[in-house]
Amino acid sequence: MSFPAHITVLYFAAASTTLGITDELVPIPEKGLYLSQLTELLIERHSQSSLNALRKILDSSQWSIDAEMVDDEDLTKVELKDGMEVAVICPVSGG
């Protein structure tokens, strides 16, 4: 029996607060998954959450893959693979 490929998504700050979790395993669809598609997939998975708040957070966040930051222009180039760790890095306001 084979298990589906999955990624681990880490949530920090506002993303964690909004969802009430700090991490989750997310199965990779059979057709594959690019980082640019992850926002929509996460919104679908958390449809019970405040979607407007979650979308706003994800749209303003940056992403890291296995502790390496990903430039916004590279989101469509990064294909997510089994075992990758993806972090949602929310904007931080200074004070």
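The conversation below looks at a predicted model of one protein chain and asks what stands behind the words used for it.

Visitor: What is the mean pLDDT of the protein chain, and which elements have the lowest and the highest mean?

Guide: The mean pLDDT of the protein chain is 90, and 92% of its residues reach 70 or more. Among the elements, H3 has the lowest mean, 86, whereas E1 has the highest, 98.

Visitor: How many helices and strands does the protein chain have, and in what order do the elements run?

Guide: There are three helices and five strands in the protein chain, and from the N terminus on they follow the order β-α-β-α-α-β-β-β.

Visitor: How do you know whether the radius of gyration agrees with that of a compact globule?

Guide: For a chain with 95 residues, a compact globule would have a radius of gyration near 12 Å, and the protein chain has 13 Å, so the value agrees with that expectation. Taken along the principal axes, the C-alpha atoms fill a box of roughly 50 × 30 × 20 Å. Buried residues make up 38% of the 95 residues, and the accessible surface comes to about 5900 Å², of which 52% belongs to carbon and sulfur atoms.

Visitor: Which residues have the most contacts inside the largest nonpolar core?

Guide: The largest nonpolar core has 26 residues, and those with the most contacts inside it are Ile 7, Leu 35, Leu 38, Trp 63 and Leu 80. At least two residues of this core come from each of strand E1 (6–11), helix H1 (13–19), helix H2 (38–45), helix H3 (51–60), strand E3 (62–65) and strand E5 (85–89). H2 gives the most, with four residues. In soluble globular proteins, nonpolar side chains tend to be buried together.

Visitor: Which residues is Leu 80 in contact with, leaving aside its neighbours within four places in sequence?

Guide: With those neighbours left aside, Leu 80 is in contact with Ile 7, Ile 28, Leu 33, Tyr 34, Leu 35, Leu 38, Ile 65 and Val 86.

Visitor: Why is Val 26 called buried or exposed?

Guide: Val 26 lies in strand E2. Its relative accessible area is 1%, and a residue counts as buried under 20%, so Val 26 is buried. Leaving aside neighbours within four places in sequence, Val 26 is in contact with Ala 5, His 6, Ile 7, Val 9, Leu 41, Leu 42 and Arg 45. Val 26 and Leu 80 are 54 residues apart in sequence and 11 Å apart in space, taken from C-alpha to C-alpha.

Visitor: What makes Glu 24 count as buried or exposed?

Guide: Glu 24 is found in strand E2, which covers residues 23–27. With a relative accessible area of 10%, Glu 24 is under the 20% limit and is therefore buried. Not counting residues up to four places away in sequence, Glu 24 touches Ile 7, Thr 8, Val 9, Tyr 11, Leu 42, Arg 45 and His 46.

Visitor: How do you know that a polar contact joins the side chains of Glu 24 and Arg 45?

Guide: The contact between the side chains of Glu 24 and Arg 45 is 3.0 Å, and a polar contact needs a pair of N or O atoms within 3.5 Å, so this distance fits the limit.

Visitor: Why is Thr 39 called buried or exposed?

Guide: The place of Thr 39 is in helix H2, and its relative accessible area is 11%, which is under 20%, so Thr 39 is buried. Apart from neighbours within four places in sequence, Thr 39 is in contact with Arg 55, Leu 58, Asp 59 and Trp 63.

Visitor: Why is Gln 62 called buried, exposed or partly exposed?

Guide: Gln 62 has its place in strand E3. At 40% relative accessibility, Gln 62 falls between the limits of 20% and 50%, and therefore counts as partly exposed. Gln 62 touches Met 69, Ala 87, Val 88 and Ile 89, not counting residues up to four places away in sequence. Gln 62 and Val 88 are 26 residues apart in sequence, while their C-alpha atoms are 6.2 Å apart in space.

Visitor: What phi does Ala 13 have, and what makes this residue count as buried or exposed?

Guide: Ala 13 has a positive phi of about 50 degrees although it is not a glycine. This residue, Ala 13, is found in helix H1, and at 53% relative accessibility it is over the 50% limit, so Ala 13 counts as exposed.

Notes:
Residues numbered from 1 in each chain as written. Predicted model: local features only at pLDDT ≥ 70, side-chain atom pairs only at ≥ 80, totals over all residues. Heavy atoms only, no water. Core = buried A, V, L, I, M, F, W, Y, C linked by side-chain atoms within 4.5 Å. Buried < 20%, exposed > 50% of the residue type's maximum accessible area, 1.4 Å probe, protein only. Contact = heavy atoms within 4.5 Å. pLDDT = per-residue confidence, 0-100. Polar contact = N/O pair within 3.5 Å; in protein donor to acceptor, adjacent residues only side chain to side chain. Rg over C-alpha atoms; globule rule 2.2 N^0.38 Å. Areas by Shrake-Rupley, 256 points an atom, 1.4 Å probe, with all protein chains shown as cover.
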